[in-house]
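Notebook open, coffee in hand. I want to look at how some helices pack and how two chains touch.

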Amino acid sequence: MLDLRLPIGWLFIIFGTMLVIFGYANPVVTPVGESSINLNITWGSVMGLFGLIMCLLTKTNKDSTG
Amino acid sequence: MNIGVLDYSIIGIYFVFVLGIGYALKKQMVHSEDFFLSGRSIPSWITGLAFISANLGAIEVMGMAANGAEYGIMTTHFYWVGAIPAMVFLAVFMMPFYYSSRIRSVPEYLKLRFNEPTRAFNAVSFAVMTVLMSGINMYAMALVFKLLLNWSMTASILVSAAVVLAYTILGGLTSSIYNEVLQFFLVLFGLLPLPLIALANIGGWDTMMQKLPPGFGHMWAQTATANNPMGVDWIGIVSGLGFVLSFGYWCTDFLVIQRAFAAKNLNAAQRTPLIAAFPKVFFPAITILPGMLALLVIPELGSNTTNYSYNMTMPLLLSKYYPTGMLGIGLTAMMASFMSGMAGNITAFNTVWTYDIYQSYIAPNKSDDHYLWIGRAATAIGIIVSVLTAYLVMGFPSIMDYMQMIFSFFNAPLFATFLLGMFWKRATPWAAFWGLVCGTFAAIIHWYITYAGYHSYPSVMAGNFWRSTYAWLVCFVITVVLSFFTKQKPLEELKGLVWGLTDPAIVEVLPWYKKPKILAAIVLVATIALNIVFW
């Protein structure tokens, strides 16, 4: 059976990478309180990292029966 | 709104993954049980997240944000009173009967416990309910896409219907469940930044509370009377929502219970609603809180124009805070929630239609391949009918009112039938049948009395809660009374179906974090604590 962590991981890696690249190419900032952030870069990195963890989990734990 | 190529690309990639999962699972759909019940082989973390995600449709994402803006923290009653206790009850007390009796659907339990007519009545009413509910998600999707992408309502409805049709027809329940888990993470990551950004911009929690209307910061403090934002007193909340509607939905609705049936053993099935309960406890942070914040950051919200109605709270927040890129993620998250809600209803519909109506009454004793084919055909028909019901929903002022009305007709009386069926061996087949029929009709009559103006409530929500209570009471009382005058089923036939007539379960040695009762205790303590904190 398909290990679900793999498609989830890849989708988040792709989305995260797209957001980070676009964030660098078009640096739009979102005000957050008294400072501001480039939301695409910040949240894209978080999503990419989550995707990476999901993919790595398939390597470290072959049995996804949890 | 500025939708860029990147946003469209994100939506497109999401579609590719969703359909890819359906395609990858297609070759494993050999028998009808693979298609309808995932061969009872799915790990509990997946069934648990699918359990919560099948319910994470338009109502939760759009409806709860809208209610957050209208009623404030009182909306958390739908979670911390109206969901968690019922999910725990299902896991600890009801799942052993459901899973161990090896039934394939909720109506099938009614056949074993009571009789064919009770099952038939429930199967037909459930099939009607699922397609009525499925239309909500299509309508909500069309509403969002019309506002944000300027697509026509019909185009949006047809695109969403085609994608859900493709992946559920290819991979059946497994495909639906797998995609629901993917959709769960997308919704979480797509919506989480919204309350964080909006709260920081407002100046934090305390500033938000000072600026919101009085009564928006408490769950219970102003419920001694109905003079509160929701227009319901604590009795109405506890009886209508906390007991009848909540237990009726979470403990008997096959849409969510089907996810637990796909689990690989009883313990995994019991853990399914409990694993779902943990994220559910914290969901108000990404559904209700954005609604409360929206009231402060979008001054036009709640005005009578369609674009600024409460239902549009979430899309309006997305367009206010997300730049191109994140906007695509946010839109994909909303689309994911609508599709998971729709697919959940459709997979429940095709199973009940095939097993409980077609195989039972129209064409028994056919080959397994035949029922597999019928299941796929039912998926297509269910989606086509859902498209039609999407237009029906358009006629209702609020999708939440529409949903609660449907639940009060079907789920509220059904919970009385199940409660008596599982915990009182004296309940007889014909008493259950007439109790269920009378309860359903009591709800319809009550709705008509309110609709025609013979009686009114402080709010539509209050009417829904009280209608559910009356429907449940009618079903309960009639079933109990008639049980003393009609013939009981022999006790041998009730083994494994009723409390007190079950064989002692084989005790499995499990680590503490896999024990249902320990998980249930933790989630209940967390829920009680939140009720006290936001009293």
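Is the crossing of helix 17 and helix 18 of chain B left-handed or right-handed? I looked it up: right-handed (the near helix is turned clockwise from the far one by less than a right angle; anticlockwise would be left-handed).

Housekeeping: this is a predicted model, where local features need pLDDT of at least 70, side-chain atom pairs count only at pLDDT 80 or more, and totals for chains, interfaces and linings use all residues. Residues are numbered from 1 along each chain as its sequence is written, with chains lettered from A and ligands numbered from 1 in the order written.

Helices here are DSSP runs of H or I, at least four residues, numbered from the N terminus. I got an angle of about 130° between helix 17 and helix 18 (368-393) of chain B, axes 8 Å apart (lines fitted to C-alpha atoms over the stretch in contact, angles 0 to 180 degrees between N-to-C directions). So helix 17 of chain B is oblique to helix 18 of chain B (not under 35, over 145 or 65 to 115 degrees). Among the residues making the contact (C-beta atoms, placed from the backbone, within 7 Å) are Trp353(B) and Gly375(B).

Next, the chain pair: 28 residues of chain B contact 24 of chain A. Helix 1 of chain B gives the largest share of chain B's side, eight residues.

Last, helix 16 (313-321) of chain B: seven of its nine residues are buried, so the rest of the structure largely encloses it (buried means 20 or more other C-beta atoms within 10 Å of the residue's own, with C-beta atoms placed from the backbone; exposed means 12 or fewer, partly exposed in between). Tyr321(B) is one of the buried ones.

Technical notes:
Helix = DSSP H or I, 4+ residues; strand = E, 2+ residues; numbered from the N terminus. Contact = placed C-beta atoms within 7 Å.
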